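Biologist: Please take a close look at a single part of this model, the charged side chains. Then follow the thread outward from there.

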Amino acid sequence: MAHSITNRCIQCGDCIPQCPKGAIKSAGEDLWIDPMLCDDCKDDAAEPQCVSICPIDRPPVPLQAKKGRCKTTATTLPSPSLFANGKSNPFASAIVVWEACNVLAQGQSLSWKPDSDGKLCYERQVNGGRGAIAFRLTQPLDAEDSLPFDSATAEADLAAWDVRVACLHLIYAAHATALEQPWQQDFVISDRQIEEYLGLEKRKDLSKLAKLTLIKHLVEQPCKLQLDIHWSQQGRVRGFSLHQSRLWHLLEIQHYFQEDDLGCKHLTGFTFRIKAGAWAKHFLNRQAAREGIAFYQYGSLPKSLLRTVTSIWQQHEGAARMMLWLLFKAKLGNEQRLTVPTLMRIAYGETKLLQAASQREERKRLLRSFESDLEVLHQYGLKPLFDPHTYPPDIQPLWVRLAELPDDAEAALEFWINDGSRENRLTDAAPRDKWHRLMQARLLSFELPDGWDVQASQATKRKLRQSQRKQVAHPRSTLSAQQIAAARKTLQLSQRELANHDARARYLPCPLPV
């Protein structure tokens, strides 16, 4: 149980250097003990050091759970809440944001390796192989001397991540789109906003302090990522490089308290001041994008995605990882074929996929997880469409084939009678070569739920505009007066109707039929 400083404290500060966890902090002119760090010195001393060193007759006392409602008198107003329409919100969707989302969601599943300085690093090729982006970990709070963690510290930190930290990254990316120059302007987000975005208000099993501890942990993780970006020239956009640049700057954490009758301070809330890193100047620069010398890349973030990931990540982490990856993949349009090995790497990592290739039991376990995770995606509206040639019904998950089972009892009985007379029955064991066939199988696409198809439609509209611009460049077809008159009679158009039609159309894409 953590301790708490009462209002009888004389602010001498003698206890600060004695605390082995650094839990004693300053809140304005007062001192307080961070209950998220204090562990009563159980592994460091026989009794709490703040109690033994305190010169007054009423030293810090054990912190009791606060009774009643937590009232916060916040002095820093947060930025406007996201999801004003209740469904979705624009968010930065550049390659930097996508790769960072994968890093935060997949964590240790990725191939982290020591760099030339011995720091743990994950690197990816980008921009068609003409550039690269590398990630390292550092302290979350902004500081000039924020050096990357050593390999042991970075590995321990990665082990504490879970897929929900990617949701905070997406929330930051949504707030950044509301700013004109997000690499210079900051935004403020409160614990209550995060609680509402993630659906944590429904977690009645968590105390207020437990929720605040969780929220602070999740908020800090995306701010630990440092970037190295090397981007080659693309059109009019010049190449650039960033070295040890932060993904997100955590500028300030403001704590809010409420005192009880004993004068003990109870933590009741946070606000976090955050700013996008220098990458935003190149990928989220509205004015420079108009001039064609930078990018302004954004998509649509569904509110349901954040709550779904928060609710399923413990039982179906693979499904949550695929869901986050598909958020960006859907932006490329439905024409993108998805191979089963690619989805498995996203969901479970390269190491597990290699183990499954050589170990039969691991292969069975991974196959069950994959088919279960596909079912979860289907239940939440991301319905997989199987390629009939490479992913035929005999190797599809059982839940897909059972979807044809009628609800009516008599119809279901007839269904099973007919199934028993078929050559391949639903109850038959899977083919012996199912795994090898799956490694060659593809999904055509995923049907997207409400709030997801905005990105695909934007990509389709952009392609349509590009094709129309190309068509406009073509010369007009030249028709003789006789051809126009004959075509007008064939289409039963009067001269006035033809003139009105010509005023609306800037060109004739092809000769009218004669």
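Modeller: A caution first: this is a predicted model. The salt bridges make a good way in. The structure holds 25 of them.

Start with K216 and D34. Their side chains meet in a salt bridge, with N to O at 3.6 Å. K216 belongs to helix α6, residues 208-220. D34 sits in the loop between β3 and α1. The two are 182 residues apart in sequence, so the bridge ties together separate parts of the chain. Are these partners buried or exposed? Both K216 and D34 are buried.

The loop that carries D34 has another point to inspect. D40 lies there too, between β3 (30-33) and α1 (49-53). Its phi is near 60°, a positive value, and D40 is not a glycine. Most residues other than glycine have a negative phi. D40 counts as buried because its relative accessible area is 18%, under the 20% limit.

Q11 makes a useful companion case. Phi of Q11 is also positive, near 60°, again in a residue other than glycine. Q11 is found in the loop between β1 (3-4) and β2 (24-27). With a relative accessible area of 31%, Q11 is partly exposed.

Back to the bridges. R307 and E201 meet through their side chains at 3.0 Å, N to O. This pair links distant parts of the chain, 106 residues apart. R307 is in helix α9, residues 303-312. E201 is in the loop between α5 (191-198) and α6. Relative accessibility is 23% for R307, which makes R307 partly exposed. E201 has 27% and is partly exposed as well.

Next comes R437 with D394. The N to O distance in this salt bridge is 2.8 Å. R437 lies in helix α16, residues 434-438. D394 lies in the loop between β16 (383-386) and α14 (398-402). The pair is 43 residues apart in sequence, so here too a bridge ties parts together. R437 is partly exposed, at 26% relative accessible area. D394 is partly exposed at 29%.

Some bridges share partners. E196, E201, K303 and R307 are joined in this way into one network. The R307 and E201 contact described above belongs to that network.

Now the charges of a surface patch. R360, K364, R368 and R432 form a positive surface patch. A residue in such a patch makes no salt bridge. R360 is found in helix α13. R360 counts as exposed because its relative accessibility is 54%, over the 50% limit.

That brings in α13 itself. The helix runs over residues 360-379, 20 residues in total. How far apart are its end C-alpha atoms? They are 29 Å apart. At 1.5 Å a residue the helix should span 28 Å, so the two values agree.

Other residues of α13 are buried. They are E362, L366, L367, F370, E371, D373, L374, V376 and L377. Three acidic side chains, E362, E371 and D373, are on that list. R360 is in the helix too, yet R360 is exposed.

The backbone just beyond the helix deserves a last look. G381 comes just after α13 and takes a positive phi of about 95°. Unlike Q11 and D40, G381 is a glycine.

Definitions and conventions
Residues numbered from 1 in each chain as written. Predicted model: local features only at pLDDT ≥ 70, side-chain atom pairs only at ≥ 80, totals over all residues. Heavy atoms only, no water. Helix = DSSP H or I, 4+ residues; strand = E, 2+ residues; numbered from the N terminus. Expected span 1.5 Å × (residues − 1). Buried < 20%, exposed > 50% of the residue type's maximum accessible area, 1.4 Å probe, protein only. Patch = residues over 30% accessible without salt bridge, like charges linked within 9 Å, V, L, I, M, F, W, Y side chains within 5 Å. Areas by Shrake-Rupley, 256 points an atom, 1.4 Å probe, with all protein chains shown as cover. Salt bridge = Lys/Arg side-chain N within 4 Å of Asp/Glu carboxyl O. Lys, Arg positive; Asp, Glu negative; His and termini not counted. Charge placed at Lys NZ, Arg CZ, Asp CG, Glu CD.
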